[in-house]
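Please examine the structure shown here. The discussion that follows takes the form of questions and answers on how its features earn their labels.

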Amino acid sequence: MAVTALLVALLPLTLVWTSSDVSKYRKLVWVTVFLTFDLIVFGAFTRLTDSGLGCPDWPGCYGAANPFLAHEEIIAAEALMPTGPVTVFKAWIEMIHRYLAMAIGVLIVAMLAQAWYQWRRSAATPAARRADYAPLIPTLLFFAVCLQGAFGAWTVTLKLQPVIVSTHLLLGMGLLALLVWYGCRQDQLITPARTLTASPPAMRRIRWLAGLSAALLLVQLALGGWTSTNYATLACTEFPLCGGELVPVMDFEHGFTLWRALGKTAAGHYLPFSALTAIHWVHRNFGLLLAMVAGYTAWRAWQHAALQRTARWLALTLLLQLATGIATIYLNFPLAIAVLHNAGAALLVLWLTMLNYQAKCQFALALATNATAAAHAQHGRKDNTPS
């Protein structure tokens, strides 16, 4: 398994090594961002095709490094339960997901090793030079990817328990956000923002709105993961109504009991349909709240040149999410649209993280510009004072 992960990671590492980018380290960070986004989308495909237990052990597949070596066991399990979770196709989907996850782990280890090596090597240089390789975020990334791997294992060994699968999804989104933040930081260190587009009070409002949008997105991601892992997507098959009502009959107690088996209540009984309705209805309506707040944030940020590109992509992604969410309901949950909806969620994480970082930099630039202007004014008054 380790050899496979190294082989998979070899391609992006070669791409980074042969890159003409002014900073190969920055290139490594952004390549890892791209692959993490791909992993989240492929993870959604794995979940939506019911391939999460395609190999019912971890980290291998029936103790083997790949489904080729476990072919007999997979065929036997499929013959025993033809409609069960184990098939050759599903085993390959699950193992490809694991290979990609381990390759990202290798890239983060490479990032961590380079950061610590350069940090210690540049101990005698000015602090500004050492900031390029400050190891705090790479160290956090390392622990985050280890924790993510642990939840990936528990997802399998605990048989897709909803709270574990939802946490696995949230940690993946958190890993993506941290990588994007770190990538933006590397960009800022190499090409600092120098164009001021707003006063400190105006940019403070943008920062507040972007932070609020990110917090709401976190809640919505948790609700979306809970909806998906409980298979509640089609609990409501119309929009904006649900079962012909704006507020249908719902069972919040059983729907939002966290520690329970898939499809069961905490007492071990079958989960009532009204519980699935509650899960879906809350996710749907909280999504509308997020769309309004994040949409307003994008509109306000659009008015500032330094934030305009990110705000535009954020607005387009919000529209995509609304469209794919509604299409998933009316088109009876087609796989491609469901995967696209998950990809849209990951894109929202990406754009909102970038917007928060850019607003932070613009706010700092505005404060520095005001401080410089105040210092010049003070100096001018001293020059004009009669001796």
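The turns below set computed values against the cut-offs behind each term.

Q: What kind of model is this, and what is its secondary structure?
A: The model is predicted. Its protein chain has 12 helices and zero strands, and along the sequence the pattern reads α-α-α-α-α-α-α-α-α-α-α-α. The C-alpha trace spans about 100 × 55 × 35 Å along its principal axes, and buried residues account for 48% of the 387 residues.

Q: Why is threonine 46 called buried?
A: A residue counts as buried when its relative accessible area is under 20%. Threonine 46 has 3%, and is therefore buried. This residue belongs to helix 2. Its C-alpha lies 31 Å from that of alanine 113, and the two are 67 residues apart in sequence.

Q: Why is leucine 319 called exposed?
A: The label exposed requires a relative accessible area over 50%. Leucine 319 reaches 56%, so it is exposed. Its place in the chain is helix 11.

Q: What makes Leu288, Trp313, Leu316, Leu319 and Leu322 a nonpolar patch?
A: Nonpolar side chains are joined into a patch within 5 Å, provided that each residue has over 30% relative accessible area and no salt bridge. For leucine 319, the value of 56% is known, so the area criterion of over 30% is met. Together the five residues have about 440 Å² of accessible area on the surface. Helix 11 (residues 305-330) contributes the most, with four residues.

Q: How do you know that arginine 26 forms a salt bridge with aspartate 21?
A: The criterion is a side-chain nitrogen of Lys or Arg within 4 Å of a carboxyl oxygen of Asp or Glu. In the pair of arginine 26 and aspartate 21, the closest N and O atoms are 3.1 Å apart, so the criterion is satisfied. Arginine 26 is buried at 14% relative accessible area, whereas aspartate 21, at 24%, counts as partly exposed.

Q: What makes the pair of aspartate 187 and arginine 26 a link between parts that are 161 residues apart in sequence?
A: The closest N and O atoms of aspartate 187 and arginine 26 are 3.3 Å apart, and the two form a salt bridge. Aspartate 187 lies in helix 7 and arginine 26 in helix 2, so the salt bridge ties together parts that are 161 residues apart in sequence. Aspartate 187 has 25% relative accessibility and therefore counts as partly exposed.

Q: How do you know that glutamate 94 and arginine 98 are separated by about one helical turn?
A: Both residues lie in helix 4 and are four residues apart, which means a separation of about one helical turn. Their side chains meet in a salt bridge with an N to O distance of 2.8 Å. Glutamate 94 is buried, at 5% relative accessible area, and arginine 98 is likewise buried at 5%.

Q: What joins Asp21, Arg26 and Asp187 into one network?
A: The network arises from salt bridges that share partners. Arginine 26 is paired with aspartate 21 and also with aspartate 187. The whole structure holds three salt bridges.

Q: Why is one space called a cavity and another a pocket?
A: In a cavity, a 1.4 Å probe fits but cannot get out, whereas a pocket is an open set, so the two labels separate enclosed from open space. The structure holds one cavity of 30 Å³ or more, and the largest cavity contains about 690 Å³ of space. Of its 33 lining residues, Gln220, His283, Gln321, Gly325 and His341 are the closest to its centre. The lining has 17 nonpolar, 14 polar and two charged residues.

Q: Which residues and helices line the largest pocket?
A: The largest pocket has a volume of about 820 Å³. Its lining comprises 39 residues, with His97, Ala101, Gln148, Gly152 and His168 closest to the centre. Helix 2, helix 4 (88-121), helix 6 (136-157) and helix 7 each supply at least two residues of that lining. By class, the lining has 22 nonpolar, 13 polar and four charged residues.

Key
Residues are numbered from 1 along each chain as its sequence is written. This is a predicted model: local features need pLDDT of at least 70, side-chain atom pairs count only at pLDDT 80 or more; totals for chains, interfaces and linings use all residues. Side-chain values use heavy atoms; hydrogens and water are left out. Patches are made of residues with over 30% relative accessible area and no salt bridge: like charges are joined within 9 Å, nonpolar side chains (Val, Leu, Ile, Met, Phe, Trp, Tyr) within 5 Å. Accessible areas come from the Shrake-Rupley method with a 1.4 Å probe; for residues, only the protein chains shown count as cover. Buried means under 20% relative accessible area, exposed over 50%, partly exposed in between (1.4 Å probe, protein chains only). On a 1 Å grid over the protein atoms alone, a cavity is a set of points where a 1.4 Å probe fits but cannot get out, and a pocket is an open set with protein on both sides within 12 Å along at least five of seven lines; lining residues have an atom within 4 Å of a point. Grid points are joined across faces, edges and corners, and a volume is the space filled by probe spheres set on the points. Ala, Val, Leu, Ile, Met, Phe, Trp, Tyr, Cys and Pro count as nonpolar, Asp, Glu, Lys and Arg as charged, and the others, Gly among them, as polar.
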